[in-house]
Amino acid sequence: MKLYLSPRAPNPRRVTMFIAEKGIAGIEEVTVNLSANEHKGAAYLERNPLAGVPALELDDGRVLSESRAICTYLEGLHPEPNLMGSTFEERAFIEMADRRMELSLFGTIANCIRHTHPGLMALEQPQFQDFGHSQGEKMLVVARWLDQHLADTDYVAGARFTIADITAFCALEFARGLMKFNPGEQGLVHLQAYRDRIAQRPSA
């Protein structure tokens, strides 16, 4: 299998962190240069017509895109350690938590950065500054909720580390790097402690 990724992009980081947590070996990594628009070239578009990274090319030539779908496939191949739930009920609650992190936290962070950061102007055309700033404000609302949630639990989806924590951590790291967002500076002590704890995992 080949994993097409861009090392600095947050969605590929979600998949590589998932792979590291699983201890999966043997997946070849192929770098896609986003700055050079390699993801929009004919060769890559044949693999993923929507031009996103990551993409996982299977041994039979089929290609999976979308981070969650790739992780679901890898979970099926390597069920342990379990990161998506071992019963249908646990899977449902973990998926709920992961979707919250992906859509409400990761999504608002990504929109803020894409539409306000000058370094992404070439990739995000056109940029809408007002929209980007509004997304940053919405991210803070979610971060405050998550801070309170983490006051009562060690992990996003409950008592153990799951894919929802990978999504949350990669979102926070994306915000830390390009939004200069540090939860502790906003008084979000539980979220800061959570981020620092997850950062100690070898996969991070």
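The sulfur of cysteine 170 lies 9.5 Å from the closest cysteine sulfur, that of cysteine 71, which is too far for a bond. In this predicted model, a search of the whole structure accordingly returns zero disulfides, and cysteine 71, whose nearest cysteine sulfur is that of cysteine 170 at 9.5 Å, takes part in none. Because a disulfide requires two cysteine sulfur atoms within 2.5 Å, the separation of 9.5 Å rules out a bond between cysteine 170 and cysteine 71. Cysteine 170 is buried, at 1% relative accessibility, and cysteine 71 is likewise buried, with a relative accessible area of 2%.

**Helix H1 and its surroundings**

Helix H1 covers residues 10–22, and its 13 residues reach 19 Å from the first C-alpha to the last, close to the 18 Å expected at 1.5 Å a residue. Its buried residues are Pro10, Pro12, Arg14, Val15, Met17, Phe18, Ile19, Glu21 and Lys22, a list in which the charged side chains Arg14, Glu21 and Lys22 appear together with nonpolar ones such as Val15 and Phe18. An α-helix has 3.6 residues a turn, so residues three or four places apart point the same way. The partners against which the buried residues of H1 pack are strand S1 (2–5) and the helices H3 (67–77), H4 (88–116), H6 (163–178) and H7 (189–198). Just after H1, glycine 23 adopts a positive phi of about 70°.

Serine 6 is placed in the loop between S1 and H1, and with 10% relative accessibility it counts as buried. When its neighbours within four places in sequence are set aside, serine 6 is in contact with Pro12, Val32, Leu34 and Val53, and of these contacts Pro12 belongs to the buried residues of H1.

**Enclosed and open spaces**

How many cavities of 30 Å³ or more are found? The count comes to two, and the table sets out their volumes and the make-up of their linings.

| Cavity | Volume | Lining residues by class |
|---|---|---|
| Largest | about 40 Å³ | three nonpolar, two polar, three charged |
| Second largest | about 30 Å³ | four nonpolar, two polar, two charged |

The largest cavity is lined by Leu172, Glu173, Arg176, Phe181, Asn182, Pro183, Gln192 and Arg195. The elements that give two or more residues to this lining are H6 and H7, and the largest share, three residues, comes from H6.

The second largest cavity has a lining of Arg14, Phe18, Ser67, Arg68, Cys71, Ile163, Ile166 and Thr167, to which H1, H3 and H6 each supply at least two residues. Several residues already described return here: Arg14 and Phe18 are among the buried residues of H1, and Cys71 is the buried cysteine with 2% relative accessible area. Arginine 68, another residue of this lining, is placed in helix H3 and is buried, with a relative accessible area of 18%. Not counting residues up to four places away in sequence, arginine 68 touches Met84, Glu95, Asp98 and Ile163, so that the 4.5 Å contact criterion pairs arginine 68 with two acidic residues, Glu95 and Asp98.The largest pocket has a volume of about 1500 Å³. Of the 45 residues that line this pocket, the closest to its centre are Ala9, Pro10, Leu34, Arg114 and Phe174, and the elements that give two or more residues to the lining are H1, H3, H4 and H6. Helix H4 gives the most, with eight residues, while by class the lining divides into 19 nonpolar, 15 polar and 11 charged residues. Two of the residues closest to the centre of the pocket, Pro10 and Leu34, have appeared above, Pro10 as a buried residue of H1 and Leu34 as a contact of serine 6.

**The loop between H6 and H7**

Is leucine 188, which lies in the loop between H6 and H7, buried or exposed? Leucine 188 is buried, with a relative accessible area of 6%. Leaving aside its neighbours within four places in sequence, leucine 188 is in contact with Ala143, Arg144, Asp147, Phe181 and Pro183, and among these Phe181 and Pro183 also line the largest cavity. The C-alpha atoms of leucine 188 and alanine 199, which are 11 residues apart along the chain, are separated by 17 Å.

Key. Residues are numbered from 1 along each chain as its sequence is written. This is a predicted model: local features need pLDDT of at least 70, side-chain atom pairs count only at pLDDT 80 or more; totals for chains, interfaces and linings use all residues. Side-chain values use heavy atoms; hydrogens and water are left out. Buried means under 20% relative accessible area, exposed over 50%, partly exposed in between (1.4 Å probe, protein chains only). Helices (H or I, at least four residues) and strands (E, at least two) are DSSP runs, numbered from the N terminus. The expected span of a helix is 1.5 Å times one less than its number of residues. On a 1 Å grid over the protein atoms alone, a cavity is a set of points where a 1.4 Å probe fits but cannot get out, and a pocket is an open set with protein on both sides within 12 Å along at least five of seven lines; lining residues have an atom within 4 Å of a point. Grid points are joined across faces, edges and corners, and a volume is the space filled by probe spheres set on the points.
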